[in-house]
Amino acid sequence: MISSVLSQHMTRSYTRRKLTYRAMYALLALASLIAIIPLLSIFGYVLTRSLPGLNLAFFTHLPQPIGETNGGMANSILGTLSLILIASMIGVPWGVGVGLFLSEYPPGKLSSVVRFSADLLTSVPSIIIGLFIYTLVVIPMRRFSLLAGGIALGIIMIPTVARSTEELLKRVPMHVREAGLALGLPRWKVILRIVLLGHSRAIATGIILAIARVSGETAPLLFTSFNNQFWQRGIDQPASSLPVQIYTYAISPYEDWHQQAWAGALILVLLVFFMNLVTRYILSPRGSRK
Amino acid sequence: MNPNSILEVKDLHAWFGSIEVVKGISMVALEHTVTAMIGPSGCGKSTFIRCLNRLHEESPGARATGQVLLENRDIYEKKVDPVSIRRRVGMVFQKPNPFPSMSIFDNVVAGLRLAGVRRSSTLKEIVEHSLQAAALWDEVKDKLHALGTSLSGGQQQRLCIARALAVEPKVLLMDEPTSALDPISTGKIEELLTELRKKVTVIIVTHNMQQAARISDQTAFFLSGELIEFGETSQVFTAPKKEQTERYITGRFG
């Protein structure tokens, strides 16, 4: 008697559960689809708007005065690459070092202060970092420079790289480190060669995200590297960069420049995309590459 | 003192913070023997063997006192570098822990390569030798460059044994090396132990009493951080001197 009532009830509740499951699944799938729409539409829009302006000259020529054709952004592309290089030389070792300090050494007062500061620094608007470097580097040098821009971007990278490195390394089980120590390896070698190198892909992903973020930064560059319409003459000279050049062209009244700004935007997007792919490929473990 | 003694522990105490988990242990392990450590969970046997390669002190708040004579030299002497001790006293852990993103080959030679051994002919030789000693060679010789983590659990554990053997330790500590493995893999590792003892002295923690009875020469029974009984395995299992030992091995404990 009871069992038949129970089984009836179970059948009914099972049908309902199945329906709820399907409805919720559909809802979540839809939400995920909607979430990637902005990405796809931005990319699609930039692509369609920029294609007419893309030609070889865009990659090889310097910007031209209004009215002259065949202008390009070669110097800005190079400038952005140089800025990223300088920023990474500062932000990556420094950030990874802070991340190591936070994850590999016993927690103490210093580490909580460092962690809190890193979180604060992440939320400081990038324009403030630019102002900071303006007073610290630009004013003493009496000149906008590639170096100043790179330093500003590098500082923006530090907390992001540090926190992502820390979070990743904290997920490495303790017994992996112990296995290294038990082989008679000094702690620093275990940390660098086993823990860090063993997770270089994941750490690199964090680094790439940080690089991707700074390569589109415009505000801190406005008063650090500024801009320049010619080839770079030195690390202590003002530097052109894609974001600043896009900004300059986009707010101009000229249709021709707008076209160039779109092309610049596409290159900036592709640049980040490409860096991501290359790094993933280089760092893929030997066994799984093939 | 016995001329064959390779490891002699005298009054070893170990703490986590203010909690004493190992309370004055003294015992001797002879060369080329297998010593089993049995006892209920939390009785301090893992901590005890972690003191034998000075790994215990790497945990935050952990410390140890007493003497551990490895080939007649106290490894707790002030001048002794713990790193040099761990080179001579290897360890295999409960969970198989091959190094991430390293191939089978790289895993085995990690200890040597990171210590500066570079000659590839030497490394190749050691890889074959160690994998054979760990009874894994035949299964992996054609895929030495596959990731260590791509192997099955039992194979990973034998890889970890090969990795520990590659640096040619005198003593091999094993902390419940088969508790995460199925019976077939467990059998392989037990078989392996009888071979291994020809090269190294083994000290193994186990929760499996049949295992202890099968593979060991001496057995130590731990309870609440104290060594209750220590003797020939056959004696401990057939004619234990202490009542607590008897109750534990007959399963009437707690």
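User: Which residues is A:Arg163 in contact with, leaving aside its neighbours within four places in sequence?

Analyst: Happy to help! They are A:Arg115, A:Ala118 and A:Asp119, where contact means heavy atoms within 4.5 Å. This is a predicted model, in which local features need pLDDT of at least 70, side-chain atom pairs count only at pLDDT 80 or more, and totals for chains, interfaces and linings use all residues. Side-chain values use heavy atoms, without hydrogens and water, residues are numbered from 1 along each chain as its sequence is written, and chains are lettered from A and ligands numbered from 1 in the order in which they are written.

User: What makes the side chains of A:Arg163 and A:Asp119 a polar contact?

Analyst: Their distance is 2.7 Å. A polar contact is a pair of N or O atoms within 3.5 Å; within protein, one must be able to donate a hydrogen and the other to accept it, and residues adjacent in sequence count only if both atoms are side-chain atoms. So the pair qualifies, at 2.7 Å.

User: Why is helix 3 of chain A called oblique to helix 9 of chain A?

Analyst: The two pack at an angle of about 140 degrees, with their axes 11 Å apart. Angles under 35 degrees count as roughly parallel, over 145 as roughly antiparallel, 65 to 115 as roughly perpendicular and the rest as oblique, so helix 3 of chain A is oblique to helix 9 of chain A.

User: Which residues of these two helices meet?

Analyst: A:Ile84, A:Ser88, A:Val92 and A:Val96 of helix 3 meet A:Ile203, A:Ile207, A:Ile211 and A:Ser215 of helix 9.

Notes
Axes fitted to C-alpha atoms, helices over the stretch in contact; angles between N-to-C directions. Helix = DSSP H or I, 4+ residues; strand = E, 2+ residues; numbered from the N terminus.
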